[in-house]
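I set down here, in order, what I looked up in this structure. The entries are brief and are meant for a reader who has not seen it before.

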Amino acid sequence: MNGIVQVRPMRPDDFEAVRAIYQRGLDGGLASFETVAPDWPAFDRGKLPAHRLVAELDGIVVGWVAVAPVSARPVYAGVVEHSVYVASEAQGRGVGLALLDALAGSTEAAGIWTVQSGIFPENVASLRLHDRAGFRVVGTRQRVGWHPFDGWRDVVMVERRSSIVGSP
């Protein structure tokens with residue numbers, strides 16, 4: 001893989017590659033409280049279609065990003081939670097940053113003012129990536145969830161506030 005990172009909208013036929021990348025990330029134990037990547041119907045129900053993107057290197061899907069609403073309440077209509085995963089063989093090649101930059105453009109164009117996520121404190125690479133992509137740490141939720149492999153886990157909350165989207 002020597003090519004330039006290309007980011008494009010995710011298609012349903014990308015999901016086999018997306019799910020494989022997702023599962024490898026979950027298997028590493030640093031990505032999520034989840035341990036099994038969802039099937040397409042569950043993924044499709046949970047993620048906003050307009051903000052599902054994949055990254056390709058040499059025509060191969062090597063990463064993805066997607067968002068979910070944080071609440072059905074109208075006051076939070078401009079707040080989403082994102083997930084970003086990069087295949088291990090493509091890490092350190094700018095894939096994650098390209099995905100997060102494209103996501104910022106996509107969400108801001110749709111009037112979304114906050115993109116947030118929770119990251120395990122041990123996932124230093126993800127915290128660095130998010131810092132480079134303009135996210136800030138807003139706090140740490142201690143022992144917020146039970147991980148089946150590790151027990152209670154803390155989560156560092158990060159957010160990226162739009163500088164161009166104001167109040168609705």
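**Entry 1: helix α3**

I began with helix α3 (residues 95-109), which has 15 residues and reaches 21 Å from its first C-alpha to its last, close to the 21 Å expected at 1.5 Å a residue. I took the expected span as 1.5 Å times one less than the number of residues in the helix. Helices (H or I, at least four residues) and strands (E, at least two) are DSSP runs, numbered from the N terminus.

I note that this is a predicted model, in which local features need pLDDT of at least 70 and side-chain atom pairs count only at pLDDT 80 or more, while totals for chains, interfaces and linings use all residues. Residues are numbered from 1 along each chain as its sequence is written, and side-chain values use heavy atoms, with hydrogens and water left out.

I then asked which residues of α3 are buried. They are Val-95, Gly-96, Leu-99, Leu-100, Leu-103, Ala-104, Ser-106, Thr-107 and Glu-108. Buried means under 20% relative accessible area, exposed over 50%, and partly exposed in between (1.4 Å probe, protein chains only). An α-helix has 3.6 residues a turn, so residues three or four places apart point the same way. Just after α3, I found Gly-111 with a positive phi of about 85°.

**Entry 2: positive phi outside glycine**

I looked up two further residues with positive phi. Asp-58, which is not a glycine, has a phi near 55°. I located Asp-58 in the loop between β2 (53-57) and β3, and it is partly exposed at a relative accessible area of 47%. Arg-143 is not a glycine either, yet its phi is positive at about 45°. Arg-143 belongs to strand β6 (residues 136-147) and counts as exposed, with 52% relative accessibility.

**Entry 3: aromatic rings**

How many aromatic pairs does the structure hold? I recorded nine. Rings of Phe, Tyr and Trp (its six-membered ring) pair if their centres lie within 6.5 Å; planes under 30 degrees apart count as stacked, over 60 as edge-to-face and the rest as tilted. The ring centres of Tyr-22 and Tyr-85 are 4.8 Å apart and the planes stand at 50°, so I entered this pair as tilted. The pair links distant parts of the chain, with Tyr-22 in helix α1 (residues 15-27) and Tyr-85 in strand β4, 63 residues apart. Both Tyr-22 and Tyr-85 are buried.

I found these two tyrosines in one aromatic cluster with Phe-15, Trp-40, Phe-43 and Trp-64. Of this cluster I looked up Phe-43, which lies in helix α2 (residues 40-46) and is buried at 2% relative accessibility.

**Entry 4: salt bridges**

I counted nine salt bridges, a salt bridge being a side-chain nitrogen of Lys or Arg within 4 Å of a carboxyl oxygen of Asp or Glu. In one of them, the side chains of Glu-56 and Arg-8 meet at 3.0 Å, N to O. This pair links distant parts of the chain, Glu-56 in strand β2 and Arg-8 in strand β1 (residues 6-9), 48 residues apart. Glu-56 is buried at 16% relative accessibility, and Arg-8 is buried at 15%.

Arg-136 and Glu-159 form another salt bridge, at 2.7 Å, N to O. Arg-136 lies in strand β6 and Glu-159 in strand β7 (residues 151-161), so the pair ties together parts that are 23 residues apart in sequence. Is each partner buried or partly exposed? I found Arg-136 partly exposed at 48% and Glu-159 buried at 12%.

I also found a salt bridge between the side chains of Asp-150 and Arg-153, at 2.8 Å, N to O. Asp-150 is partly exposed, at 47% relative accessible area, whereas Arg-153 is buried at 7%. Salt bridges that share partners join Arg-8, Arg-11, Asp-13, Asp-14 and Glu-56 into one network.

**Entry 5: a charge over a ring**

I returned to Arg-153, whose charged end sits over the ring of Phe-120, 3.8 Å from the ring centre. The rule I used asks for NZ of Lys or CZ of Arg within 6 Å of the ring centre and within 35 degrees of the ring normal.
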